[in-house]
Amino acid sequence: ECVSGCVCPEGLFDDGKGGCVKEKDCPCVHNNQWYSPGQKITVDCNTCTCQKGIWSCTEDVCYGTCMIYGSGHYVTFDGKFFDFDGSCEYVATQDFCGDKNSSGSFSIITENVPCGTTGVTCSKAIKIFLGKTELKLENKDYNEIQRDIGDDVHYWNRTVGLYLVIEASNGVMLIWDKKTTVFIKLTPDYKGKVCGLCGNFDDKSNNDFTTRNGLQETNALKFGNSWKQSPICPDVTQEIKPCDVKPHRKSWAEKECSIIRSEVFKICHSKVDPNPFYEACVHDACSCDSGGDCECFCSAVAAYAQECTKVQACVFWRTPDICPIFCDYYN
């Protein structure tokens, strides 16, 4: 049936805001925001320009990033979010995959230890194997050990704000906040060639749970257990829910972590789903009960803020009361 309403005159187009424009003046939409013709946005490492209602983007190939933070939270190179609390050393990512004789150039191991009394684990130390160089990042510092076998892989280190950055000539970069957060960045040459808790970096998140034996797993615990370095470590058999173990901390955790879902981060909500980060924050705030509870909370919120910054939603969430940083010191 006919419904009364307005249409644009012939040759003009609805601009989505109740007006009619010529085709060349059509706006573009990205993450529920409207952009005028000629406006540019950054997506990953590419720049997109709005032209006649369609985005025209550069096609540079970008670094992939894997994030490990707080008490056992992982975001793989392909964006899969999962939790795994194991107390052992685990392969975060490496290019020694496939057959036993396959040659690789690097391996990154995370050493997880219990943080708090509920049984959850945090990344205490990171080992990076680059050719014959081994770097161990621990206690806010790092040590270099030279081994007898392997190639020479050059690396550089620098401090950027809160972070220590290790960059190697083979396209591997590691960013560490000297606490429990680690970002591993790889150049696109490694797409589909890596394995470990960070997934296989093939742009498909549904096959990230590939075990050390090359099997597809659906269960995060079985997948995580397969990547432990020592057979002596016990397998993780159940997911720990610290707020059930320490119910008296739950309301405090939910109140503190609500900042992630609040107006403070409003500009980011349509770009990065806050829910997994909120759940992870509550989990961490309940679990760190032997000191360091504020540090756990701050790391969890910072992880969401970091993802927001990646998609051009820069949020100034730190205040003198909430996770302050002495900028003049870090500058």
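**View 1. Strands β16 and β17 sit side by side as an antiparallel pair.** This is a predicted model, and we start with two neighbouring strands. β16 covers residues 155–160 and β17 covers residues 163–168. They're joined over 6 bridges. Want to follow a couple of the matches across the gap? Y155 stands opposite A168 in β17, and W156 has E167 as its bridge partner. The hairpin that links these strands has 2 residues between them. In that hairpin, look for G161, which takes a positive phi near 60 degrees.

**View 2. β17 also pairs with β18.** Strand β18 is made of residues 172–176 and runs antiparallel to β17, with 4 bridges joining them. Which residue in β18 is the bridge partner of E167? It's M173. So that you can trace the path, keep in mind that E167 is also the partner of W156. The hairpin of β17 and β18 has 3 residues between the strands. Here the glycine to spot is G171, with a positive phi near 90 degrees.

**View 3. Zoom out a bit and you'll find an open sheet of 7 strands.** Reading across, the order is β10-β9-β8-β19-β18-β17-β16, and the pairing is antiparallel. The strands at the edges are β10 (81–83) and β16, and each of these pairs on one side only. From one strand to the next, the twist averages 15 degrees. As a handy rule for looking at any sheet, side chains in a regular strand alternate between the two faces.

**View 4. Another open sheet has 3 strands.** Its order is β5-β6-β7, again with antiparallel pairing. β5 (40–43) and β7 (54–57) are the edge strands, each pairing on one side only. Ignoring direction, neighbouring strands in this sheet are turned by 35 degrees against each other on average. Now look at β5 and β6, where β6 is residues 46–51: 4 bridges hold this antiparallel pair. One match to pick out is I41, which stands opposite C48 in β6.

**View 5. Q216 lies in the loop between β19 and α1.** On either side of this loop, β19 spans 182–186 and α1 spans 220–226. What does Q216 touch once we leave aside its neighbours within four places in sequence? It's in contact with N206, N207, F209 and T210. With T210 there's a polar contact of 3.1 Å between the two side chains. For a sense of scale, try F84: Q216 and F84 are 132 residues apart in sequence, and their C-alpha atoms are 17 Å apart in space.

**View 6. The largest cavity holds about 60 Å³ of space.** How many cavities of 30 Å³ or more does the structure hold? There are 3. In general, rolling a probe the size of a water molecule over the atoms shows where empty space is left. The lining of the largest cavity is made up of D83, F84, D85, L221, V236, Q238, E239, I240 and H283.

**View 7. The domain assignment splits the protein into domains 1, 2 and 3.** Domain 1 runs over 13–57, domain 2 over 64–226 and domain 3 over 242–311. Taken over C-alpha atoms, the centres of domain 1 and domain 2 are separated by 38 Å.

Terms used:
Residues are numbered from 1 along each chain as its sequence is written. This is a predicted model: local features need pLDDT of at least 70, side-chain atom pairs count only at pLDDT 80 or more; totals for chains, interfaces and linings use all residues. Side-chain values use heavy atoms; hydrogens and water are left out. Two strands pair if DSSP finds at least two bridges between them. Axes are lines fitted to C-alpha atoms, for helices over the stretch in contact, and angles run from 0 to 180 degrees between N-to-C directions. Domain bounds come from an automatic or database domain assignment. Contact means heavy atoms within 4.5 Å. A polar contact is a pair of N or O atoms within 3.5 Å; within protein, one must be able to donate a hydrogen and the other to accept it, and residues adjacent in sequence count only if both atoms are side-chain atoms. On a 1 Å grid over the protein atoms alone, a cavity is a set of points where a 1.4 Å probe fits but cannot get out, and a pocket is an open set with protein on both sides within 12 Å along at least five of seven lines; lining residues have an atom within 4 Å of a point. Grid points are joined across faces, edges and corners, and a volume is the space filled by probe spheres set on the points.
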